[in-house]
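Trainee: I would like a close look at one part of this model: the place where its helices face each other. Please take me through the residues there, one group at a time.

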Amino acid sequence: MQPPSEMERALLEEVDFWKNYIEYCLEKDSASVPVAAYEALAQSEDKLQSYKSSTAVRRKLFVRIH
């Protein structure tokens with residue numbers, strides 16, 4: 001398995017940031033997690049999954065061509 005690309009690493013860091021931020025807010029005061037943080041986490045996870053899917057498709061196409 002290949003190590004993550006720069007783009008994938010950046011997306012993973014973005015997802016981790018939002019997870020850590022939400023966890024921090026929950027530890028600090030469970031009622032103070034902004035809805036926008038959950039939405040940003042969902043968007044970051046969607047971007048990461050989309051990137052992984054498109055990369056997998058490109059790899060399959062590359063293997064078929066070569």
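Mentor: Start with burial. In this predicted model, 20% of the 66 residues count as buried. The accessible surface comes to about 5,400 Å², and carbon and sulfur atoms hold 57% of that area. The secondary structure is two helices and zero strands. Helix 1 covers residues 6-28, and helix 2 covers 35-65. Now look at contacts with a separation of 6 or more. Residues 24 or more positions apart account for 55% of them.

Next, the core. The largest nonpolar core has nine residues: Leu11, Val15, Ile22, Cys25, Val33, Ala37, Leu41, Leu48 and Tyr51. Helix 1 and helix 2 each supply at least two residues of this core. As background, nonpolar side chains in soluble globular proteins tend to be buried together.

Take Tyr51 from that list. Tyr51 sits in helix 2. Is Tyr51 buried or exposed? Tyr51 counts as buried because its relative accessible area is 18%, under the 20% cut-off. Leave out residues up to four places away in sequence, and Tyr51 touches Ser5, Met7, Glu8 and Leu11. Of these, Leu11 is also a member of the core. Met7 is 44 residues from Tyr51 in sequence, yet their C-alpha atoms are 8.5 Å apart.

Glu8 deserves its own stop. Glu8 lies in helix 1. With the same sequence neighbours left out, up to four places away, Glu8 touches Leu48, Tyr51 and Lys52. Leu48 and Tyr51 are both core residues. Which side chain of opposite charge is nearest to Glu8? That is Lys52, 4.1 Å away. Glu8 is buried, yet has no salt bridge. The cut-off matters here: a salt bridge needs a side-chain nitrogen of Lys or Arg within 4 Å of a carboxyl oxygen of Asp or Glu.

So where is a salt bridge found? A search of the whole structure gives one. It joins the side chains of Glu14 and Lys47, at 2.9 Å from N to O. This pair links distant parts of the chain, with Glu14 in helix 1, Lys47 in helix 2, and their positions 33 residues apart. Glu14 counts as partly exposed because its relative accessibility is 26%. Lys47 is partly exposed too, with a relative accessible area of 42%.

Two further pairs give C-alpha distances. Asp16, in helix 1, is 29 residues from Glu45 in sequence and 9.6 Å from Glu45 in space, C-alpha to C-alpha. Asp16 is partly exposed, at 43% relative accessible area. Glu39, in helix 2, pairs with Trp18: 21 residues apart in sequence, 9.5 Å apart in space, C-alpha to C-alpha. Glu39 counts as partly exposed, with 47% relative accessibility.

Finish on the surface. Which residues make the nonpolar patch of about 310 Å²? They are Phe17, Tyr21 and Tyr24. Phe17 belongs to helix 1. At 47% relative accessibility, Phe17 counts as partly exposed.

To recap: the nine-residue core draws at least two residues from each helix. Tyr51 is buried and touches Glu8 among others. Glu8 is buried without a salt bridge, whereas Glu14 and Lys47 form one.

Definitions and conventions. Residues are numbered from 1 along each chain as its sequence is written. This is a predicted model: local features need pLDDT of at least 70, side-chain atom pairs count only at pLDDT 80 or more; totals for chains, interfaces and linings use all residues. Side-chain values use heavy atoms; hydrogens and water are left out. Helices (H or I, at least four residues) and strands (E, at least two) are DSSP runs, numbered from the N terminus. Buried means under 20% relative accessible area, exposed over 50%, partly exposed in between (1.4 Å probe, protein chains only). Contact means heavy atoms within 4.5 Å. Accessible areas come from the Shrake-Rupley method with a 1.4 Å probe; for residues, only the protein chains shown count as cover. Patches are made of residues with over 30% relative accessible area and no salt bridge: like charges are joined within 9 Å, nonpolar side chains (Val, Leu, Ile, Met, Phe, Trp, Tyr) within 5 Å. Lys and Arg count as positive and Asp and Glu as negative; His and the chain ends are not counted. A nonpolar core is a set of buried Ala, Val, Leu, Ile, Met, Phe, Trp, Tyr and Cys residues joined through side-chain atoms within 4.5 Å.
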